[in-house]
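Colleague: I am new to this structure and would love a close look at one part of it. Please take me slowly through the strands, and tell me what surrounds them.

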Amino acid sequence: MKLMINGKSRQVDAPEDTPILWTLRDILGMTGTKFGCGKALCGACTVMLDSKPIRSCVTPISAAKDKKITTIEAVSEDKVGQAVQTAWQSINVPQCGYCQSGQIVAATALLRDNPNPTDEDIDTAMSGNICRCGTYTRIREAIKQAAQQGVNNESF
């Protein structure tokens, strides 16, 4: 099956029901996307499918046919992703860091769709991404900072 991942066409020899997560990690060696619960409950495995956040641990590669997958490895390739990653570093969001790739991908998807989110918008968009370290306050602050950078730079 041919997949479009981070702007590059990749040929994958795997059953169509193989989850995107295992295709990325085990077949393609792209380990930035993390395995968390395996049941789409924690968000550690979040990637974007046609710019929408999805849980790659339960989404089969057949769902990605003729669509674009964006992983944490390519988030910084646009201004929104750069702003999110810069804010994450500026505010020191991560503690253990395990959930951060899923958090950053989800935050980037949010800001691409809504460049000026309210607290409620942020809470709703990020509610499926669990952080065992409890850095939710810093995550919200980083998203607001990234949004502010976008507004000031008019680059989103």
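Modeller: Happy to: what follows is a walk from strand to strand, with stops at the loops and the neighbouring helix.

A word on the ground rules before we start. This is a predicted model, in which local features need pLDDT of at least 70 and side-chain atom pairs count only at pLDDT 80 or more, while totals for chains, interfaces and linings use all residues. Residues are numbered from 1 along each chain as its sequence is written, and side-chain values use heavy atoms, with hydrogens and water left out.

Let us begin with strand S1, residues 2–5 (strands are DSSP E runs of at least two residues and helices are H or I runs of at least four, numbered from the N terminus). Its side chains alternate: Leu3 and Ile5 face one way and are buried, whereas Lys2 and Met4 face the other way and are not. Buried here means under 20% relative accessible area, exposed means over 50%, and partly exposed lies in between, using a 1.4 Å probe and protein chains only.

S1 has two strand partners to look at. With strand S2 (residues 8–11), S1 pairs in the antiparallel sense over 4 bridges; two strands count as paired if DSSP finds at least two bridges between them. Within that pairing, Leu3 has Arg10 of S2 as its bridge partner. The hairpin of S1 and S2 has 2 residues between the strands, and Asn6 takes a positive phi there, near 50 degrees. With strand S5 (residues 68–70), S1 pairs in the parallel sense over 2 bridges. There, Met4 is matched with Lys68 of S5.

Moving on from S2, you enter the loop that leads to helix H1 (20–27), and Thr18 lies in this loop. Is Thr18 buried or exposed? Thr18 is buried, because its relative accessible area is 14%. Leaving aside residues up to four places away in sequence, Thr18 touches Thr23, Thr59, Pro60 and Ile61, where contact means heavy atoms within 4.5 Å. One of these neighbours, Thr23, is in H1 and is itself buried, as are Ile20, Leu21 and Leu24. For the spacing of such positions, it helps to recall that an α-helix has 3.6 residues a turn, so residues three or four places apart point the same way. What do the buried residues of H1 pack against? They pack against S1, strand S3 (46–49), strand S4 (52–55) and S5. After H1 comes Gly29, with a positive phi near 70 degrees.

Next comes S3, which is covered on both faces: Thr46 and Met48 on one side, and Val47 and Leu49 on the other, are all buried. S3 pairs with S4 in the antiparallel sense over 4 bridges, and Met48 stands opposite Pro53 in S4. S3 is also joined to S5 by 2 bridges, the two strands running antiparallel. In that pairing, the partner of Met48 is Thr70 in S5.

The turn from S3 to S4 is worth a pause. Their hairpin has 2 residues between the strands, and Asp50 takes a positive phi near 50 degrees. Ser51, also found in the loop between S3 and S4, has a positive phi of about 75 degrees although it is not a glycine. Ser51 counts as partly exposed because its relative accessible area is 42%.

After S4, the loop towards S5 holds Asp66. Asp66 is another residue that has a positive phi without being a glycine, at about 65 degrees. With 75% relative accessibility, Asp66 counts as exposed.

Finally, a glance beyond the strands gives some context. The largest nonpolar core has 24 residues, and those with the most contacts inside it are Val84, Trp88, Leu111, Met126 and Ile143. Such a core is a set of buried Ala, Val, Leu, Ile, Met, Phe, Trp, Tyr and Cys residues joined through side-chain atoms within 4.5 Å. Helix H2 (79–90), helix H3 (100–113), helix H4 (119–126) and helix H5 (136–153) each supply at least two of its residues, with H3 giving the most, 7 residues. Back in the region we have just toured, a second, separate core of 14 residues includes Ile5, Val12, Ala14 and Ile61. You have already met two of those names: Ile5 as a buried residue of S1, and Ile61 as a contact of Thr18.
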